[in-house]
Every structure is written in structure tokens, then in C-alpha cells.
Amino acid sequence: MPKVTAMAHANLAFIKYWGKVDFKLNLPVNGSISMNLSSATTTTSVHFDGRLKGDTVILDGTELKPDDPRAAKVSAHLDRVRKLAEIDTSAKVETENNFPQGAGFASSASGFAALTVAAAGSAELTLDQKALSRLARAGSGSAARSIPAGFVEWLAGLDDHSSYAIQIAEPDHWDLRDVAVVVSDQEKAVPSTQGHKLVTNSPYWQARKNQVAHRLNRVTYAIKERKFDVFGQELEAEAMAMHAIALTSAHNNSNGTWTSGIYYILPDTLELMRAVQQWRADGLPVYFTLDAGPTVHLMCEAQHANQVQDAVRELQNDRDWQIIVSEPAGGARVIDG
Ligand code: PMV
């Protein structure tokens, strides 16, 4: 079978996927909306090869041990592809991220999107965008959104067939920028898998669920009509809604201690969030969103991106922050083979 190489971009959620109704199929509680990020990519090649005795996974140049949970997740995903293609051939997988682990970009979205496209290609499956998105979703929920290009909505759906992502607008529809400020490169303490499980512990969960359908409509409208303030206000309020759930997801820990909620933000994160309010008061149109980590994603229109970066650098002083600027990017695609 041919060796096929694919690339996919990470995506930034404007409406968050936070809570699942099915943990095996990764069916989300609510739909979500995102943009593919030009500066964060995964490139993956897959070669189903009859001579191999088992799957091998090489991540950023290092072969993963078979008992590494990341290798197990890749093999489980290859199993889905093998089942569809009705083969039992092992594969060699080589994958590289162009962004550092723990930089505040979910590598699972670009990773599983690229793996899906490369594996389907090597298995000689002909899958349309919907089928690829459904398959990527089973590997990692947010990967469903890295399959289509540009601005994307993941339709929550009711089952495996109806939960997949579609394009809202092409990448060149709106010249937005994500100025990501990476304030810490430490791995997050609580993985998102855990966060998804704990949502129902929050007493505010029902309120968030009631709100989200309206917000999906507003953000879709704002993207289609390029209404930046509508977009920004929904974006920032949504980030706080997700974090309100996380902050109030009280739980017992395996070591017997109790925690009142998940705190993803660090002091530097909060400082940036407060600075954004001041920058807007000073006339700079910029809004923030946060994922399950301390990185602050500052969203603005392209004509303000330099001003936003200057404002960040001034606040940064001599701290070790990394700024990564992205524009809307294309979908997951075969680049070789
Ligand atoms: O795909 P997961 O399980 O890593 O969940 C992603 C969760 C957030 O990044 C916080 C939100 C989102 O919609 O991407």
C-alpha cells in the first residue's frame, strides 16, 4: 500500500467543546465553532506495510514505546481505519508538529486530523469530508474541526453519523488574526479529557447549556457578516462561560483530597485578560479567548495585529512569553503520495 503524507492545522475554538454525551464516540454536548490556525501544523505520514509485525509511531523523530499511551491512541485510530478498509496490516506512522508540545495549542486536533487523512489515503479508502471528519472525531473530538478549511462548525449531532464538522466560510473570507501569547510551556495539570467528565459537577452547567444554541447562531452570523464586535463579545463571554464551568467543577482527587474546580489560568493569563479590557477602552479592537490552558488567544482584524503585538510586548517586559500569530488556514490535506 502507498505511503501517504498529510498535513493539518490546529484549530482555535470560538464556541467551546466542553462536555460530552458519549465518551467512546466523542459526541459533544453542544456544537462548536473554530478557525484553523496557519502557524500550528502537524505533518503525518502513514504507510500500511504487510512486512511490519506491529504499528510503529515516530513522534518528532523519536519512536514511541508500544506501552506509551500516545502510541496506543494512534494504534486504536489505525484500527478504525483498518476496520473500514477491511485490512489487518500494520503501519509505520511518522508525525511532526511545527509547534512545541505544551505551547497552548492542542496537538490532538491537528494530530488526529492529519493521521486520519494520511491513514485513509494509505489504506486506499475514498472518504468524503464528512466521513473524514467523523473518523477524526472518534480519535479526538476537536480533530473533527481540523478537517474542513477556514471557519468551521462542528454539528453536535445525535450519533456517530450525524456528528461532524462543516465549513462556515473559506479561510480568505475574513482577515482575522489570532495573536497567541504563550505565557507558560508547562503541561497543563488537568487534561481536557478530565475536564469534559467533570462538567456536570458544576452547578452552572445547565445555564451554560441553555445559552450555547443562541451563541452558536450569533457567532455564525458574526463570521458570515464580518461583524467584529458581535464576534468578539460572544468569543470572550464564551471563554469565560467555559472557564466558569471548569472553575466550579468540584471533585475528589485520586489521592483523597478535594478540589473546588479546575484553574487553567495563571497570574500572567489574568494580567493579559485585564489588559485586554484596558486596550479596548483605549480604542484597540481586540478580544480574548482561552482554551484548557494558560495561553491567551487575542483575536483582532489583520489591520490591528501589529498594534496588538506591540501592546503585548510592552506588557511582557522581560518575561519569557512566546507570541505566535496565525491567520485562518486551510483544511487537512494530502501533501504527498
Ligand atoms: O479535543 P479535546 O478533548 O482536547 O477538547 C478540546 C477542548 C477545548 O480545547 C478546551 C475547547 C475546544 O472546543 O477546542
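How far is an oxygen atom of the ligand from an N or O atom in the side chain of His196? In this predicted model, the separation is 3.0 Å. Two further side chains offer polar atoms to the ligand. For Ser192, an N or O atom of the side chain is found 2.8 Å from a ligand oxygen, and for Arg145 a polar side-chain atom sits 2.7 Å from an oxygen atom of the ligand. The protein buries 91% of the 380 Å² that the ligand exposes when taken alone.

The surroundings of the ligand can be described a little further. The shell holds 13 residues, of which Tyr17, Ser142, Arg145, Ser192 and His196 come nearest. By character, the shell residues divide into five that are nonpolar, five that are polar and three that are charged.

Ser142, one of these nearest residues, deserves a visit of its own. Its place is in the loop that runs between α3 (129-139) and β8 (151-155). With a relative accessibility of 13%, Ser142 counts as buried, because the cut-off for that class is under 20%. Leaving aside residues up to four places away in sequence, Ser142 touches Asn11, Tyr17, Ser108, Ala109 and Trp154. Among these partners, Tyr17 is itself listed with the residues that come nearest to the ligand.

Helix α2 comprises residues 107-122, and so includes Ser108 and Ala109, the partners of Ser142 just mentioned. Does the length of this helix agree or disagree with expectation? At 1.5 Å a residue, its 16 residues should span 22 Å, and the end C-alpha atoms are indeed 22 Å apart, so the two values agree. Helix α2 is also largely enclosed by the rest of the structure, because 13 of its 16 residues are buried. Just after α2, Glu124 adopts a positive phi of about 60°.

Attention can now turn to another helix. Val276 belongs to α7, which covers residues 267-281. Is Val276 buried or exposed? Its relative accessible area is 0%, so Val276 is buried. The residues that Val276 touches, not counting those up to four places away in sequence, are Glu236, Val286, Tyr287, Phe288 and Leu298. As for distance across the chain, Val276 and Ser133 are 143 residues apart in sequence, and their C-alpha atoms are separated by 34 Å.

Notes: Residues numbered from 1 in each chain as written. Predicted model: local features only at pLDDT ≥ 70, side-chain atom pairs only at ≥ 80, totals over all residues. Heavy atoms only, no water. Near = heavy atom within 4 Å. Polar contact = N/O pair within 3.5 Å; in protein donor to acceptor, adjacent residues only side chain to side chain. Areas by Shrake-Rupley, 256 points an atom, 1.4 Å probe, with all protein chains shown as cover. Nonpolar A, V, L, I, M, F, W, Y, C, P; charged D, E, K, R; others polar. Helix = DSSP H or I, 4+ residues; strand = E, 2+ residues; numbered from the N terminus. Buried < 20%, exposed > 50% of the residue type's maximum accessible area, 1.4 Å probe, protein only. Contact = heavy atoms within 4.5 Å. Expected span 1.5 Å × (residues − 1).
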